[in-house]
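Biologist: Please take a close look at a single part of this model. I should like to know how it is built and what surrounds it, in terms that a first-year student can follow.

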Amino acid sequence: MSHRPSSGLAAVSTALLAMSRHLEVRDVLKTIVASARELLDAEYAALGVPDDHGGFAQFVVDGVSDEQWRAIGPLPRQHGILAAMLHKAEPERLADVREDPRFEGWPSAHPDMSDFLGLPIQDGEETIGALFLANKRCPKPDGGCGFTEEDEELLSILAQHAAIALTNARLYERSRELTIAEERSRLAHELHDAVSQKLFSLRLTAQAAAALVDRDPARAKGELQQVAALAAEAADELRAAVVELRPAALDEDGLVHTLRTQIQVLDRAHTARVTFDSTGVRALPAAQEEAMLRVAQEALHNALRHAEPERVAVSLFRHGQGALLTVADDGKGFDPRTVRRAGRHLGLVSMRDRAGGVGGTLTVTSEPGRGTTIEMEVPGG
């Protein structure tokens with residue numbers, strides 16, 4: 001591997017582009033490690049993210065097989081050179097890590113390593129991780145380190161941008177957690193309304209049965225059967241609150257399954273009939289799937305809260321390389337121009353922003369007495 005500055009900077013640029021393609025923290029960590037190992041032509045690379053208990057919350061390696069990694073055992077603790085790097089926040093470049101007085105050995109299954117280069121990853125004054133590379137693939141000077149000062153400079157550039165990528169990934173995951181918490185709260189409110197209505201009916205029916213026990217036992221028996229039916233329905237809704245109110249796992253379940261599950265909850269929670277239909281949809285880029293989910297949720301919320309519909313139909317179909325989402329209700333509708341003049345947007349601005357942010361389009365069709373149809377199209381990937 002050439003270490004001329006032009007080729008080094010080109011390799012750094014390639015590594016930075018690779019990091020920028022990922023949003024999940026684990027994916028970012030793996031990309032940083034693989035990029036560092038390739039950039040410096042090292043046999044092994046690792047990245048550790050410290051926890052608050054003297055260990056590592058995450059430790060990602062490259063150059064070690066899955067079988068080797070399982071044989072090595074638990075994640076390392078913060079000791080020896082690892083601890084020095086995290087606590088002093090200074091680079092370490094060593095000819096032979098095994099001869100350093102701070103070296104405390106490694107597990108029997110651990111690969112043998114000699115020359116070593118390590119750099120902290122810092123966000124301001126905080127050390128949020130550390131990069132380690134070992135065994136430079138090159139002729140080494142007698143008793144010297146294969147890693148050069150230029151290698152250290154290149155890795156320093158990568159570490160600075162790795163800090164930005166890792167911080168952004170953490171913020172992204174945190175924003176997803178907040179969005180999920182918000183959606184859980186909304187769905188919990190919907191289910192609370194449904195269960196409250198059933199419990200209110202249950203109480204009235206039980207009171208009626210009690211009043212009829214003495215003078216009309218037959219009617220009282222019928223009312224008690226109704227009590228049993230209402231109690232069963234309320235129990236079903238409470239089970240739904242436990243089973244269905246889990247975070248929307250787009251990465252695991254996909255957009256179609258996640259939408260179908262949430263619409264089933266809303267159909268039970270409202271008097272309006274809420275349906276879902278979907279065929280032929282391919283997996284979309286993560287950002288597009290999340291935007292479509294949020295637009296669908298906002299459109300459903302508007303319809304069920306404001307439109308007084310009898311039916312809301314949601315569909316998601318393949319459209320070219322992308323997909324077309326439609327949320328249509330038969331409610332009271334509105335005049336979009338009047339809504340804009342009144343300064344009320346019914347979430348339309350945020351829906352358009354979400355669609356535009358992923359290269360999609362949003363179309364709203366509505367008029368008083370004729371319901372509302374919202375369509376969102378995304379291009380796919």
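Modeller: The secondary structure of this chain, a predicted model, comes to 10 helices and 10 strands (DSSP runs numbered from the N terminus, H or I of at least four residues for helices, E of at least two for strands). Residues are numbered from 1 along each chain as its sequence is written, and side-chain values use heavy atoms, without hydrogens or water. Local features need pLDDT of at least 70 and side-chain atom pairs pLDDT 80 or more, while totals for chains, interfaces and linings use all residues.

I shall take one sheet and its surroundings. This open sheet has five strands in the order β6-β7-β8-β10-β9, and its pairing is mixed (two strands pair if DSSP finds at least two bridges between them). At its edges stand β6 (273-279) and β9 (361-366), each of which pairs on one side only. On average, neighbouring strands are turned by 10° against each other, direction ignored (axes are lines fitted to C-alpha atoms, for helices over the stretch in contact, and angles run from 0 to 180 degrees between N-to-C directions).

Within the sheet, β7 (residues 311-319) and β8 (residues 322-329) are antiparallel partners, joined over eight bridges. One residue pair shows this arrangement: F317 has L324, in β8, as its bridge partner.

Two helices meet this sheet. Helix α8 (residues 286-307) packs on it and touches β6, β7, β8, β9 and β10 (372-378) (contact means heavy atoms within 4.5 Å). The direction of α8 makes about 5° with that of β8. Helix α10 (residues 348-357) lies across β9 and β10, and runs at about 150° to β9.

These elements also share a nonpolar core, which is the largest in the model and has 33 residues (such a core is a set of buried Ala, Val, Leu, Ile, Met, Phe, Trp, Tyr and Cys residues joined through side-chain atoms within 4.5 Å; buried means under 20% relative accessible area with a 1.4 Å probe, protein chains only). The residues with the most contacts inside this core are L259, M292, L300, L316, L325, L362 and M376. At least two core residues come from each of α7 (250-269), β6, α8, β7, β8, α10, β9 and β10. Helix α8 gives the largest share, nine residues.

L325 gives a view of this core from one residue. Leaving aside residues up to four places away in sequence, L325 touches L259, M292, V295, A296, V314, S315, L316, I374, E375 and M376. A second, separate core has 29 residues, among them V25, I32, V60 and F147.

Another sheet may be set beside the one just described. It is also open, with five strands in the order β2-β1-β5-β4-β3, and its pairing is antiparallel. Both β2 and β3 are edge strands with a single partner, so one side of each has no neighbour in the sheet. Helix α4 lies across β1, β2, β3, β4 and β5, at about 135° to β5. Seven of the nine residues of α4 (residues 80-88) are buried, so this helix is largely enclosed by the rest of the structure.

Finally, the whole chain gives a setting for these parts. Of its 381 residues, 43% count as buried. Among contacts with a separation of 6 or more, residues 24 or more positions apart account for 63%.

Key: Buried means under 20% relative accessible area, exposed over 50%, partly exposed in between (1.4 Å probe, protein chains only).
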